[in-house]
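Got the viewer open? Here is a walk through the model, one selection at a time.

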Amino acid sequence: MNRIEEYYNKFNEDKRLKSRHGQVEFAVTMAKIKERLEYFMREGRGKEDVRIADIGAGCGAYSIPLCNEGYDVTAVELVKHNLGVMKKNCPHLKAYQGNAMDLKKLGDDSFDLVLMFGPLYHLYSNDDKIKALREAARIVKKSGVIMVAYTMNEYSILTYGFKEGHICECLENGSIDKDFHVRASEENLYDYVTLSDIDALNEAAGLRRMSIFSPDGAADYMRICLNAMDEETFALFIDYQMSVCMRTDLIGAGSHTVDVLAADKA
(Lines give C-alpha, C1' and ligand atoms only; values in the text may rest on other atoms or scores of the structure.)
Protein backbone atom coordinates (compact mmCIF):
# COMPACT_ATOMS: atom_id res chain seq x y z
CA MET A 1 0.00 0.00 0.00
CA ASN A 2 1.49 3.36 -1.01
CA ARG A 3 1.23 6.65 0.86
CA ILE A 4 -1.67 7.86 -1.28
CA GLU A 5 -3.70 4.75 -0.42
CA GLU A 6 -2.82 5.06 3.26
CA TYR A 7 -3.94 8.70 3.22
CA TYR A 8 -7.28 8.11 1.52
CA ASN A 9 -8.03 5.09 3.69
CA LYS A 10 -8.13 7.55 6.61
CA PHE A 11 -9.31 10.74 4.85
CA ASN A 12 -13.07 10.94 4.26
CA GLU A 13 -13.03 11.91 0.58
CA ASP A 14 -16.76 11.22 0.33
CA LYS A 15 -17.39 13.94 2.95
CA ARG A 16 -15.03 16.63 1.62
CA LEU A 17 -17.31 18.05 -1.05
CA LYS A 18 -20.22 18.13 1.40
CA SER A 19 -18.50 20.82 3.50
CA ARG A 20 -19.49 24.39 2.72
CA HIS A 21 -16.23 25.23 0.91
CA GLY A 22 -16.47 21.88 -0.87
CA GLN A 23 -20.02 22.63 -1.97
CA VAL A 24 -18.77 25.77 -3.72
CA GLU A 25 -16.11 23.78 -5.58
CA PHE A 26 -18.61 21.07 -6.53
CA ALA A 27 -21.37 23.45 -7.66
CA VAL A 28 -19.11 25.49 -9.94
CA THR A 29 -17.33 22.44 -11.37
CA MET A 30 -20.57 20.57 -12.05
CA ALA A 31 -22.02 23.66 -13.75
CA LYS A 32 -19.02 23.75 -16.08
CA ILE A 33 -19.34 20.02 -16.78
CA LYS A 34 -23.00 20.51 -17.63
CA GLU A 35 -22.11 23.32 -20.03
CA ARG A 36 -19.92 20.90 -21.99
CA LEU A 37 -22.49 18.12 -21.88
CA GLU A 38 -25.20 20.48 -23.15
CA TYR A 39 -22.97 21.24 -26.12
CA PHE A 40 -22.82 17.54 -26.98
CA MET A 41 -26.59 17.25 -26.55
CA ARG A 42 -27.16 20.08 -29.01
CA GLU A 43 -25.65 17.76 -31.61
CA GLY A 44 -28.81 15.67 -31.27
CA ARG A 45 -27.29 12.88 -29.19
CA GLY A 46 -28.95 11.16 -26.26
CA LYS A 47 -27.33 11.08 -22.83
CA GLU A 48 -26.54 7.40 -23.25
CA ASP A 49 -24.51 8.30 -26.36
CA VAL A 50 -22.21 10.70 -24.47
CA ARG A 51 -19.24 8.82 -22.99
CA ILE A 52 -17.52 10.23 -19.90
CA ALA A 53 -14.29 8.97 -18.29
CA ASP A 54 -13.71 10.07 -14.70
CA ILE A 55 -10.03 9.42 -13.95
CA GLY A 56 -9.17 9.56 -10.27
CA ALA A 57 -12.87 9.46 -9.47
CA GLY A 58 -12.46 9.28 -5.69
CA CYS A 59 -15.70 8.11 -4.12
CA GLY A 60 -17.71 9.09 -7.19
CA ALA A 61 -18.71 12.67 -6.39
CA TYR A 62 -19.07 13.42 -10.10
CA SER A 63 -19.31 9.91 -11.60
CA ILE A 64 -22.35 8.85 -9.60
CA PRO A 65 -24.68 11.80 -10.31
CA LEU A 66 -23.69 11.82 -13.98
CA CYS A 67 -24.27 8.07 -14.24
CA ASN A 68 -27.63 8.41 -12.47
CA GLU A 69 -28.62 11.09 -14.97
CA GLY A 70 -28.16 8.58 -17.78
CA TYR A 71 -24.70 9.37 -19.16
CA ASP A 72 -22.33 6.54 -20.10
CA VAL A 73 -19.71 6.93 -17.34
CA THR A 74 -16.54 4.93 -16.75
CA ALA A 75 -14.77 5.67 -13.46
CA VAL A 76 -11.13 4.84 -12.73
CA GLU A 77 -9.79 5.12 -9.17
CA LEU A 78 -6.40 4.20 -7.70
CA VAL A 79 -7.46 3.71 -4.07
CA LYS A 80 -9.36 0.49 -3.30
CA HIS A 81 -11.18 2.03 -0.35
CA ASN A 82 -12.58 4.87 -2.49
CA LEU A 83 -13.47 2.41 -5.24
CA GLY A 84 -15.39 0.29 -2.76
CA VAL A 85 -17.38 3.29 -1.52
CA MET A 86 -18.18 4.26 -5.11
CA LYS A 87 -19.36 0.77 -6.11
CA LYS A 88 -21.45 0.45 -2.95
CA ASN A 89 -23.19 3.77 -3.59
CA CYS A 90 -23.74 3.11 -7.31
CA PRO A 91 -23.53 -0.61 -8.20
CA HIS A 92 -24.47 0.00 -11.85
CA LEU A 93 -21.55 2.41 -12.42
CA LYS A 94 -18.70 1.03 -14.54
CA ALA A 95 -15.74 1.45 -12.19
CA TYR A 96 -12.36 -0.20 -11.77
CA GLN A 97 -8.98 0.33 -10.13
CA GLY A 98 -6.36 1.99 -12.30
CA ASN A 99 -3.56 4.50 -12.59
CA ALA A 100 -3.97 7.79 -14.49
CA MET A 101 -0.55 7.33 -16.11
CA ASP A 102 -1.50 4.01 -17.68
CA LEU A 103 -5.12 3.72 -18.78
CA LYS A 104 -4.53 0.56 -20.78
CA LYS A 105 -8.10 -0.67 -20.29
CA LEU A 106 -9.48 2.38 -22.09
CA GLY A 107 -9.30 2.57 -25.86
CA ASP A 108 -8.02 5.37 -28.06
CA ASP A 109 -10.50 8.10 -29.05
CA SER A 110 -13.23 6.60 -26.86
CA PHE A 111 -14.64 9.41 -24.71
CA ASP A 112 -16.39 12.72 -25.31
CA LEU A 113 -15.43 14.11 -21.90
CA VAL A 114 -12.46 13.13 -19.74
CA LEU A 115 -12.42 14.35 -16.14
CA MET A 116 -9.13 14.28 -14.24
CA PHE A 117 -9.89 15.95 -10.92
CA GLY A 118 -7.49 14.14 -8.60
CA PRO A 119 -4.42 12.58 -10.20
CA LEU A 120 -2.46 15.76 -10.88
CA TYR A 121 -2.63 16.63 -7.17
CA HIS A 122 -0.45 13.64 -6.34
CA LEU A 123 2.04 13.44 -9.22
CA TYR A 124 5.27 15.19 -8.33
CA SER A 125 7.43 15.10 -11.45
CA ASN A 126 6.63 16.85 -14.71
CA ASP A 127 7.28 13.57 -16.53
CA ASP A 128 4.54 11.82 -14.54
CA LYS A 129 2.12 14.71 -15.00
CA ILE A 130 2.74 14.70 -18.75
CA LYS A 131 2.19 10.93 -18.90
CA ALA A 132 -1.22 11.37 -17.28
CA LEU A 133 -2.15 14.26 -19.58
CA ARG A 134 -1.07 12.29 -22.65
CA GLU A 135 -3.17 9.33 -21.54
CA ALA A 136 -6.18 11.65 -21.23
CA ALA A 137 -5.39 13.00 -24.70
CA ARG A 138 -5.17 9.46 -26.07
CA ILE A 139 -8.58 8.34 -24.82
CA VAL A 140 -10.53 11.51 -25.66
CA LYS A 141 -12.23 11.81 -29.04
CA LYS A 142 -11.03 14.35 -31.58
CA SER A 143 -14.10 16.45 -30.84
CA GLY A 144 -13.91 15.79 -27.09
CA VAL A 145 -12.90 17.81 -24.04
CA ILE A 146 -10.54 17.15 -21.12
CA MET A 147 -11.00 18.85 -17.74
CA VAL A 148 -7.97 18.75 -15.42
CA ALA A 149 -7.84 20.01 -11.83
CA TYR A 150 -4.74 21.28 -10.03
CA THR A 151 -3.96 22.37 -6.47
CA MET A 152 -2.45 25.83 -6.51
CA ASN A 153 0.87 27.14 -5.24
CA GLU A 154 -0.36 30.37 -3.64
CA TYR A 155 -2.99 28.58 -1.59
CA SER A 156 -0.28 26.38 -0.06
CA ILE A 157 2.08 29.31 0.57
CA LEU A 158 -0.61 31.47 2.20
CA THR A 159 -2.26 28.76 4.32
CA TYR A 160 0.36 26.19 5.31
CA GLY A 161 3.25 28.63 4.92
CA PHE A 162 2.07 31.86 6.51
CA LYS A 163 -1.28 31.20 8.22
CA GLU A 164 -0.12 27.99 9.91
CA GLY A 165 3.39 29.30 10.57
CA HIS A 166 5.57 26.90 8.56
CA ILE A 167 7.08 29.35 6.08
CA CYS A 168 10.53 29.65 7.71
CA GLU A 169 11.05 25.92 8.16
CA CYS A 170 9.89 25.27 4.59
CA LEU A 171 12.37 27.80 3.20
CA GLU A 172 15.12 26.25 5.32
CA ASN A 173 14.43 22.65 4.27
CA GLY A 174 13.94 23.54 0.60
CA SER A 175 10.28 22.50 0.30
CA ILE A 176 9.66 26.13 -0.73
CA ASP A 177 12.26 27.84 -2.92
CA LYS A 178 13.47 31.45 -2.73
CA ASP A 179 10.76 32.47 -5.25
CA PHE A 180 8.08 31.01 -2.94
CA HIS A 181 7.32 28.09 -5.22
CA VAL A 182 6.42 24.83 -3.48
CA ARG A 183 8.82 21.97 -4.22
CA ALA A 184 6.72 19.04 -3.12
CA SER A 185 7.85 15.44 -2.80
CA GLU A 186 5.98 12.19 -2.26
CA GLU A 187 6.16 12.67 1.50
CA ASN A 188 4.01 15.82 1.12
CA LEU A 189 1.20 13.90 -0.67
CA TYR A 190 0.10 17.01 -2.61
CA ASP A 191 1.91 18.95 -5.31
CA TYR A 192 1.15 22.62 -5.96
CA VAL A 193 1.54 24.50 -9.22
CA THR A 194 1.33 27.96 -10.75
CA LEU A 195 -0.50 28.93 -13.93
CA SER A 196 2.87 29.07 -15.69
CA ASP A 197 3.53 25.48 -14.64
CA ILE A 198 0.18 24.44 -16.11
CA ASP A 199 0.93 26.24 -19.38
CA ALA A 200 4.24 24.39 -19.69
CA LEU A 201 2.58 21.02 -19.04
CA ASN A 202 -0.04 21.67 -21.73
CA GLU A 203 2.63 22.53 -24.26
CA ALA A 204 4.63 19.41 -23.46
CA ALA A 205 1.53 17.18 -23.65
CA GLY A 206 0.24 18.72 -26.89
CA LEU A 207 -2.95 20.09 -25.37
CA ARG A 208 -4.79 23.30 -26.27
CA ARG A 209 -6.64 25.35 -23.68
CA MET A 210 -10.29 26.09 -24.37
CA SER A 211 -10.92 27.84 -21.05
CA ILE A 212 -9.76 27.83 -17.43
CA PHE A 213 -11.60 28.55 -14.19
CA SER A 214 -11.32 28.58 -10.41
CA PRO A 215 -14.02 26.33 -8.92
CA ASP A 216 -13.63 27.54 -5.34
CA GLY A 217 -11.95 30.97 -5.45
CA ALA A 218 -11.70 32.34 -1.92
CA ALA A 219 -13.92 29.65 -0.39
CA ASP A 220 -11.10 27.61 1.17
CA TYR A 221 -9.74 30.73 2.88
CA MET A 222 -13.19 31.51 4.28
CA ARG A 223 -14.23 28.22 5.89
CA ILE A 224 -15.27 29.74 9.23
CA CYS A 225 -17.13 32.56 7.53
CA LEU A 226 -18.91 30.21 5.11
CA ASN A 227 -19.95 27.92 7.94
CA ALA A 228 -21.53 30.89 9.76
CA MET A 229 -23.57 32.08 6.76
CA ASP A 230 -27.31 31.56 6.59
CA GLU A 231 -28.58 29.57 3.62
CA GLU A 232 -29.56 32.63 1.59
CA THR A 233 -26.16 34.27 1.99
CA PHE A 234 -24.34 31.03 1.23
CA ALA A 235 -26.39 30.57 -1.95
CA LEU A 236 -25.37 34.09 -2.96
CA PHE A 237 -21.70 33.20 -2.36
CA ILE A 238 -22.02 30.27 -4.76
CA ASP A 239 -23.66 32.62 -7.29
CA TYR A 240 -20.77 35.03 -6.77
CA GLN A 241 -18.15 32.36 -7.42
CA MET A 242 -20.05 31.22 -10.51
CA SER A 243 -19.90 34.77 -11.83
CA VAL A 244 -16.17 35.33 -11.18
CA CYS A 245 -14.74 31.83 -11.69
CA MET A 246 -13.23 32.71 -15.08
CA ARG A 247 -11.84 36.13 -14.14
CA THR A 248 -8.18 36.14 -15.12
CA ASP A 249 -7.25 38.39 -12.18
CA LEU A 250 -8.58 35.76 -9.73
CA ILE A 251 -7.66 32.43 -11.33
CA GLY A 252 -4.75 30.84 -9.53
CA ALA A 253 -5.43 32.39 -6.14
CA GLY A 254 -7.92 29.73 -5.03
CA SER A 255 -7.01 26.29 -3.78
CA HIS A 256 -7.98 24.63 -7.09
CA THR A 257 -7.92 25.49 -10.79
CA VAL A 258 -9.60 23.51 -13.56
CA ASP A 259 -8.13 23.62 -17.06
CA VAL A 260 -10.49 22.82 -19.96
CA LEU A 261 -8.54 21.34 -22.84
CA ALA A 262 -8.71 19.93 -26.33
CA ALA A 263 -6.26 17.43 -27.80
CA ASP A 264 -5.14 18.55 -31.25
CA LYS A 265 -5.49 15.35 -33.24
CA ALA A 266 -4.99 14.89 -36.96
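Which ring does the charged end of Arg 51 sit over? Select Arg 51 and look for Phe 111: the charged end is over that ring, 4.3 Å from its centre. Before going on, keep in mind that this is a predicted model.

There is another arginine to bring up in the same style. Arg 20 lies over the face of Phe 234, and here the distance to the ring centre is 4.2 Å.

**The sheet**

Now switch to cartoon and pick out the strands. You should find an open sheet of seven strands, and reading across it the order is E3-E2-E1-E4-E5-E7-E6, with mixed pairing. Go to the edges next: strand E3 (94-97) and strand E6 (207-213) each have a single partner strand, so one side of each has no neighbour in the sheet. Look at how the strands twist, too: on average, neighbouring strands of this sheet are turned by 20° against each other, direction ignored.

Zoom in on the E6 edge. E6 pairs with E7 in the antiparallel sense, over six bridges. For a landmark, select Phe 213 and look across to E7, where Val 258 stands opposite.

Then add the helices that pack on the sheet. H5 touches E2 and E3, and its direction makes about 165° with that of E3. Helix H9 (residues 195-205) touches E5, E6 and E7, with its direction at about 150° to that of E6.

**A stop in H9**

Stay with helix H9 and select Asn 202. Is Asn 202 buried or exposed? Asn 202 is buried, because its relative accessible area is 5%, under the 20% cut-off. Show what surrounds Asn 202: leaving aside neighbours within four places in sequence, the contacts are Leu 207, Arg 209, Asp 259 and Leu 261.

**Into the core**

Time to go inside. In soluble globular proteins, nonpolar side chains tend to be buried together. In this model the largest nonpolar core has 41 residues, and the two that touch the most other members are Ile 33 and Met 147. Colour the elements that supply at least two residues each: helix H3 (20-41), helix H4 (63-68), strand E2 (72-77), helix H5 (80-89), strand E4 (111-116), strand E5 (140-151), helix H8 (167-173) and strand E7 (256-263). Which of them gives the most to this core? That is H3, with five residues.

Centre the view on Ile 33. Not counting residues up to four places away in sequence, Ile 33 touches Tyr 62, Leu 66, Leu 113, Leu 115, Phe 117 and Met 147. There is also a second, separate core to find: it has 30 residues, including Leu 133, Ala 136, Ile 139 and Ala 263.

**Rings**

Two of the residues around Ile 33, Tyr 62 and Phe 117, come back here. Select them together with Phe 26 and you have a cluster linked by ring pairs.

How many aromatic pairs are there in the count? It comes to eight. One of them is Phe 237 with Tyr 240, a tilted pair at 6.0 Å centre to centre, with 50° between the planes. Show helix H11 (residues 231-244) and you can see how the two are placed: they are three residues apart, which means a separation of about one helical turn. Turn on the surface and compare the partners. Phe 237 is buried, at 9% relative accessible area, whereas Tyr 240 is partly exposed, at 41%.

**Loops with positive phi**

Next, two backbone stops. Follow the loop between E3 and E4 until you reach Asp 109. Its phi is near 50°, a positive value in a residue other than glycine. Asp 109 is partly exposed, with a relative accessible area of 43%.

Then jump to the loop between H8 and H9 and select Phe 180. Phe 180 is not a glycine either, yet its phi is positive, at about 60°. With a relative accessible area of 36%, Phe 180 is partly exposed.

**Last stop**

Finish at helix H10 (residues 223-228), where you can pick Cys 225. Cys 225 is partly exposed, at 40% relative accessibility. To get a sense of span, draw a C-alpha to C-alpha line from Cys 225 to Phe 40: the two are 185 residues apart in sequence and 38 Å apart in space.

Notes. Residues numbered from 1 in each chain as written. Predicted model: local features only at pLDDT ≥ 70, side-chain atom pairs only at ≥ 80, totals over all residues. Heavy atoms only, no water. Core = buried A, V, L, I, M, F, W, Y, C linked by side-chain atoms within 4.5 Å. Buried < 20%, exposed > 50% of the residue type's maximum accessible area, 1.4 Å probe, protein only. Helix = DSSP H or I, 4+ residues; strand = E, 2+ residues; numbered from the N terminus. Contact = heavy atoms within 4.5 Å. Phe/Tyr/Trp six-rings, centres within 6.5 Å; stacked < 30°, edge-to-face > 60°. Lys NZ or Arg CZ within 6 Å of the ring centre and 35° of its normal. Pairing = 2+ DSSP bridges. Axes fitted to C-alpha atoms, helices over the stretch in contact; angles between N-to-C directions.
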